Every structure is written in C-alpha cells, then in structure tokens.
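I opened this entry to record what I looked up in one protein model, going from the whole chain to single residues.

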Amino acid sequence: MSVKVRLRRTGGKNDICYRVVATDSRSPRDGSYLENLGWYDPKKEGVNFKIRADRIEYWRSKGAILSDTVKSLVRKAKKAAVR
C-alpha cells in the first residue's frame with residue numbers, strides 16, 4: 001500500500017476548506033483516509049492552516065509521499081515555528 005499525505009475537500013459550494021489527511025494513494029480524493037493530520041482554509045485571512053507536524057514526519061518516515069500543497073504548508077509551518 002502506497003500512502004500519500006494530501007488534501008481532502010470539505011465544506012459546501014463556494015465555501016471550500018480542506019483537511020490534510022494520510023490516505024492510500026488508490027483511494028479517491030474525498031474517500032476514506034487513514035489519519036486526519038490538520039486543516040487548511042484558503043479563504044481565511046492570516047493563519048489559515050494547522051497541521052500536526054509530528055504525525056506528518058511519522059508518515060514520511062514510513063514512506064508516505066507529500067502532495068505539493070502539503071509540502072508548501074509544511075514549509076510555512078516550519079518558517080512560523082522559527083519566528
């Protein structure tokens with residue numbers, strides 16, 4: 001089983017937000033997932049995401065692949081933690 005850490009779309013029409021999840025790469029975008037790792041709300045001003053970096057690192061150590069958007073969120077979280 002190949003694991004990916006990617007976004008899962010939630011919310012309604014014109015009110016989109018996302019959950020960051022670890023999931024089997026073969027499952028559909030909004031299908032079942034292994035673990036909820038955080039959230040991302042692109043419409044929110046200021047801090048618009050929260051991720052559990054320790055759990056993301058756990059999944060990466062097990063061979064999980066991060067999507068491009070999740071990589072970007074992880075970079076932003078590390079940059080915010082340094083400040």
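The notes below cover the fold, the surface, the core and a few chosen residues.

**Ground rules.** I am working with a predicted model, in which local features need pLDDT of at least 70 and side-chain atom pairs count only at pLDDT 80 or more, while totals for chains, interfaces and linings use all residues. I number residues from 1 along each chain as its sequence is written, and I take side-chain values from heavy atoms, with hydrogens and water left out.

**Fold.** I looked up the secondary structure and found two helices and five strands, where helices (H or I, at least four residues) and strands (E, at least two) are DSSP runs numbered from the N terminus. Along the sequence I read the pattern as β-β-β-β-α-β-α.

**Dimensions.** I noted that the C-alpha trace spans about 35 × 35 × 15 Å along its principal axes. The radius of gyration is 13 Å, which agrees with the value near 12 Å for a compact globule of 83 residues; this radius is taken over C-alpha atoms, and the globule rule is 2.2 Å times the number of residues to the power 0.38.

**Surface and charge.** I recorded an accessible surface of about 5700 Å², with 49% of it belonging to carbon and sulfur atoms, the areas coming from the Shrake-Rupley method with a 1.4 Å probe, with only the protein chains shown counting as cover for residues. Of the 83 residues, 33% count as buried, meaning under 20% relative accessible area, whereas exposed means over 50% and partly exposed lies in between (1.4 Å probe, protein chains only). I counted 21 positive and 9 negative side chains, the centres of the two sets lying 2 Å apart; Lys and Arg are positive, Asp and Glu negative, and His and the chain ends are not counted, with each charge placed at NZ of Lys, CZ of Arg, CG of Asp or CD of Glu.

**Core.** Which residues touch the most other members of the largest nonpolar core? I found Val5, Val20, Leu37, Trp59 and Val70 in that role, within a core of 16 residues. At least two core residues each come from β1 (3-12), β2 (15-24), β3 (35-40), β4 (49-51), α1 (53-61) and α2 (68-82). Such a core is a set of buried Ala, Val, Leu, Ile, Met, Phe, Trp, Tyr and Cys residues joined through side-chain atoms within 4.5 Å.

Leaving aside neighbours within four places in sequence, I found Trp59 in contact (heavy atoms within 4.5 Å) with Val3, Val5, Ala22, Leu34, Glu35, Leu37 and Ala64. Ile56 lies in helix α1 and counts as buried because its relative accessibility is 0%. Not counting residues up to four places away, Ile56 touches Leu37, Ile51, Leu66 and Val74.

**Loops.** Is Asn14, in the loop between β1 and β2, buried or exposed? I put Asn14 down as exposed, at 63% relative accessibility, and noted its positive phi of about 65° although it is not a glycine.

Asn48 sits in the loop between β3 and β4, yet Asn48 is buried, with a relative accessible area of 13%. Leaving aside neighbours within four places, its contacts are Trp39, Tyr40, Asp41 and Pro42.

Gly31, in the loop between β2 and β3, is also buried, with a relative accessible area of 16%. I closed with the C-alpha atoms of Gly31 and Arg8, which are 23 residues apart along the chain and separated by 8.1 Å.
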